[in-house]
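Trainee: I'm new to reading models. Can we go through this one together?
Mentor: Sure, ask away.
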Amino acid sequence: MAKLNLLLLAVLVACALGLVTSQHKARKLFSALEREHARARELDIDYGRLQLEASTWGLHSRVEKIATGALGMRPVDARRVRIVERDAGR
Amino acid sequence: MSAAAQGLVRLPVWRARFVLAALAAAFAVLAARSLYLQAMRTDFLQEKGDERYSRVLEVPATRGRILDRNGDALAVSTPVKSVWAIPGDVELSRAQRNKLAALLGLEPAELDRKLSDKSRDFVYLKRQISPDTAEAVTALGVKGIYEHPEYRRYYPGGEVTAHVVGFTGVDDAGQEGVELAHQATLGGKPGSRRVIKDRLGHIVEDVESIRAAQDGTDLQLSIDSKIQSIAYSALKAAVEANRAKAGGIVVLDARSGEILALANVPSFNPNNRARLNGAQLRNRVVTDLFEPGSTLKPFTIALALETGRIGPSTLVPTAPGTLSIASYTIRDVHPAAALTVSQVLQKSSNVGAAKIALALPREAMWDLFRREGFGTAPEIGFPGATGGKLRPWKTWKPVEQATMAYGHGISVSLLQLARAYTVFARDGELVPLSLVKTGATPGGEKVLSSQTAREVRAMLELAVQPGGTGPRARIMGWRVAGKTGTAHKLENGAYATDKYLASFVGLAPASAPRLVVAVMIDEPAGRNNYYGGTVAAPVFAQVMQGALRLLGVPHDAPLEPIDPAEGDEAREST
C-alpha cells in the first residue's frame, strides 16, 4: 500500500511539474506571438504612412505645378504631334 | 469501586452528545458555506479574484484604407495618441504646467480648468496628437497623466476627393460619402486580450487572447485620382471664373459603368473640418435635383426615331418660333421656319422638340424616361442618392408633355443624367453604375435600338460642330458628341428669370465611345454668359481631353488645333 502511495506521489509531482512547464511554455509562446502581431501591425502602420506620403507627394496638382514651374514643361502642341500607325510598316 | 469514590462525577450522557452535535452542526455549516462558495458563487468570486491582477485590454483594429483604381491612397488611418489625466493624481510644478500646455497646444489656463475638478477620474487633455508629441509628454514624467492610442484618418486627396470619400468622426466611424456607405466592411472589429498587471499597471504577462482584432478591409474605388484632379480643378476654375454658386461634374466609363471622377464645388478639406457649412458638404452630383433643360432633348428625339414615323432629316415646322399651348408659350431663341429633326437638336429648338413630343403618346415618353433611370435612385450604394421626380404619365397635361420634351417639369440628378447618356455611348444599352472598381464590362439594359442610338449620337456630334450650340466642347484629336443645356432655375414654384443652370453632357470618342462626362454649373453670374455652351462646354472639353489622354484612348480625329471661338455660339433658352 505504501509503495503504491509513493508511486502515485511521484507521478503526481511529475504531472505538476509538467503542468508548470507547459504553462510557462504556452505563455512564452503567446507573448512571442503577441510580439510578432505587434510587429506586423507596426509594419502595416508604416506601410499606411508611406502610402499616405506617396499619395501626398504624388498629388496631381503638385506634379503639375512642378512640371510647369520648376521644370518648364508644357502640354504638347498639336502641330508637333505625329501619330504612328502600329501596322503601317508591315 | 464507585464513581463517586474515585472522585469522578458522572456527567449526564446528553452533554457529550450535545457537544458532539454542536461540533457536527458547526462542521455542517462550514461545509454548506464552502459548498455555497465553491459551487454556487464560484464565478463571481473567481471574477473578483481575477480583478485584483488580471485586466482585459481592448486591442484596436485599423480601419481599412480607401484606394483609387490605381492603388493610390485616398484615405488612410494612422495611429495617434490621446492624452488623458486623473485630475486628483496630477501634481504639476509651474514650469511643468507651462511645458505641458505648450506641448498639447493649450492655454495654461485651459489646462488648469480641465484639471480643476478633482472628483473626476478621467479627463481628456487632448485627443489625437502625433505620437512624437505624446512621447514628449510622457518624458515630462508627470504623475496621473496617461495616454492611449487612437486612430486618425488622413485624406491625402483633400478637397479634390472630399465628396466621394467622405470622412469619419473622431470615433473612427464613417459620417459621409463612401466612408459611411461602406462602414460595415471598412470598420474593423476591435479585439480584446487578458493580461496580468502589477500594482503599478505594468503588464506582467499576457494570459490569453479573448478575441483577435479584425482589421477593416481595404476598399478600391472606381475613381481615378488623376482624372478626378483634372475634373475638380477645371470645375473649380469655371465656377470661379463665372462667379457661379456651385458646380458638379461626373466622368463615367461607358464600357464598365464605373465612375472615374465625381467632383463638386464648393468643396471642403476633410483633414480640417473646423468650419464647415452645409453648402460645402453637399454632394450635388448625387443628391441634388435640377431640371435638366435641353440635355433631355436627345431622349425625346430618340423616342420619336424609335417609332419610325420620323427620321433624322424629317422636317419639323417651327415657325414662327413660338408655340402656344393653353396659356403657356414656348419660345425659341433663334426662330426658324422649319428645321430637320437633326437641326432641332443641333440648334436646340424648344418648339421643335415640343412638337415632336406632342406627336408621341404620353405613356411611351414616360416609359422611356423611366427606363432611362429617371425617377429611381441609381444603385451605387451612396448615401443620399436621389431618384428625381418623374410624375406618372396619367397626370401629364399637354403643355407639360411639351415642356418635358426639353427637360422642364422633370428633375434629375447629374449622375442620373450622365448615366442616361450611356445609352448613346453603348448603342442603346443603359449601364449600371459602380463606385467600386469592378474591371468588368457589365451587360446593360437595352433601352433603345442600336440604330436609334447611333443616329442620335450622330446628331449630338453635329450639335458640337460650328452651327450647333456647343462648339466649345470640341477637343483636338477626338470626335465629341454632346448636348448643351441652359435651364431657368425653379424657385418657389416659378422659373426665376435671371437665374440659370448651365449644363453639358457629352461623350467621346464618337466613333467608339469610351467616356461620358456631365458638367453642371449652378447660377453662373456672367452677363449674357450663362449658357451651357459657353459656361459648361469648355469644362467638358478640358476634362474630356485630359481623361482621354490619361487613359490612352486612340485618336479618331486629325490632330488639328481647334479654334474655340470658331462658329456662331448658337444660344438657347433651355
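Mentor: One term before we start. Two residues are in contact if their C-beta atoms, placed from the backbone, lie within 7 Å. And keep in mind that this is a predicted model.

Trainee: Let me try that out. What is B:Ile310 in contact with, leaving aside its neighbours within four places in sequence?
Mentor: B:Ala304, B:Leu305 and B:Val341. B:Ile310 itself sits in the loop between H12 and strand E11 (315-317) of chain B.

Trainee: Is B:Ile310 buried or partly exposed?
Mentor: Partly exposed. The count is 17 other C-beta atoms within 10 Å, and buried takes 20 or more.

Trainee: How far is B:Ile310 from B:Ile356 in space?
Mentor: Their C-alpha atoms are separated by 9.1 Å. Along the chain they are 46 residues apart.

Trainee: And what about B:Arg211 and B:Arg426?
Mentor: Those two are 215 residues apart in sequence. In space they are 50 Å apart, C-alpha to C-alpha.

Trainee: Where does B:Arg211 lie?
Mentor: In strand E7 (residues 203-211) of chain B. B:Arg211 touches B:Gly191 and B:Ser192, if we skip residues up to four places away in sequence. B:Arg211 is partly exposed, with 13 other C-beta atoms within 10 Å.

Trainee: Let's zoom out. How many helices and strands are in chain B?
Mentor: Chain B has 20 helices and 19 strands.

Trainee: Compact or spread out?
Mentor: Spread out, compared with a compact globule. The radius of gyration of chain B is 37 Å, and the globule rule gives 25 Å for 574 residues. The C-alpha trace spans about 155 × 60 × 45 Å along its principal axes.

Trainee: What share of chain B is buried?
Mentor: Buried residues make up 45% of its 574 residues. Contacts reach along the sequence too. Take those between residues at least 6 apart: 71% join residues at least 24 apart.

Trainee: What about chain A? How many helices and strands there?
Mentor: Two helices and zero strands. Of its 90 residues, 3% count as buried. Chain A has a radius of gyration of 35 Å, whereas a compact globule of 90 residues would be near 12 Å. Its C-alpha trace spans about 110 × 40 × 15 Å along the principal axes.

Trainee: How many residues does each chain bring to the contact?
Mentor: Chain A brings 19 residues and chain B brings 21 residues. On the side of chain A, helix H1 (2-57) and helix H2 (60-68) each supply at least two residues. H1(A) gives the most, with twelve residues. By class, that side of chain A has seven nonpolar, eight polar and four charged residues.

Trainee: Back to chain B. Which residues are buried in helix H15?
Mentor: H15 covers residues 362-371, and B:Met365, B:Trp366, B:Leu368 and B:Phe369 are buried there. They cover an arc of only 160° around the axis, so they are on the same side of H15(B).

Trainee: Why would residues a few places apart point the same way?
Mentor: An α-helix has 3.6 residues a turn, so residues three or four places apart point the same way.

Trainee: What covers the buried residues of H15(B)?
Mentor: The cover includes helix H12 (297-307), helix H14 (350-358) and helix H16 (398-405) of chain B.

Trainee: How do H3 and H5 of chain B cross?
Mentor: The axes of H3 (residues 94-104) and H5 (residues 131-140) come within 10 Å and cross at roughly 170°. That makes H3(B) roughly antiparallel to H5(B). H3(B) makes the contact with B:Gln96, B:Lys99, B:Leu100 and B:Leu103, and H5(B) with B:Thr133, B:Ala136, B:Val137 and B:Leu140.

Trainee: Last topic, the backbone. Which peptide bonds are cis?
Mentor: One joins B:Val265 and B:Pro266, with omega about 5°. Another runs from B:Ala319 to B:Pro320, with omega near 0°.

Trainee: What is phi of B:Ser348?
Mentor: About 55°, a positive value, although B:Ser348 is not a glycine. B:Ser348 is buried, with 33 other C-beta atoms within 10 Å. Most residues other than glycine have a negative phi.

Definitions and conventions: Residues are numbered from 1 along each chain as its sequence is written. Chains are lettered from A and ligands numbered from 1 in the order in which they are written. This is a predicted model: local features need pLDDT of at least 70, side-chain atom pairs count only at pLDDT 80 or more; totals for chains, interfaces and linings use all residues. Axes are lines fitted to C-alpha atoms, for helices over the stretch in contact, and angles run from 0 to 180 degrees between N-to-C directions. Helices (H or I, at least four residues) and strands (E, at least two) are DSSP runs, numbered from the N terminus. Angles under 35 degrees count as roughly parallel, over 145 as roughly antiparallel, 65 to 115 as roughly perpendicular and the rest as oblique. The radius of gyration is taken over C-alpha atoms; the globule rule is 2.2 Å times the number of residues to the power 0.38. A residue is buried if 20 or more other C-beta atoms lie within 10 Å of its own, exposed if 12 or fewer, and partly exposed in between; C-beta atoms are placed from the backbone. Ala, Val, Leu, Ile, Met, Phe, Trp, Tyr, Cys and Pro count as nonpolar, Asp, Glu, Lys and Arg as charged, and the others, Gly among them, as polar. The arc is that of the directions from the helix axis to the C-beta atoms.
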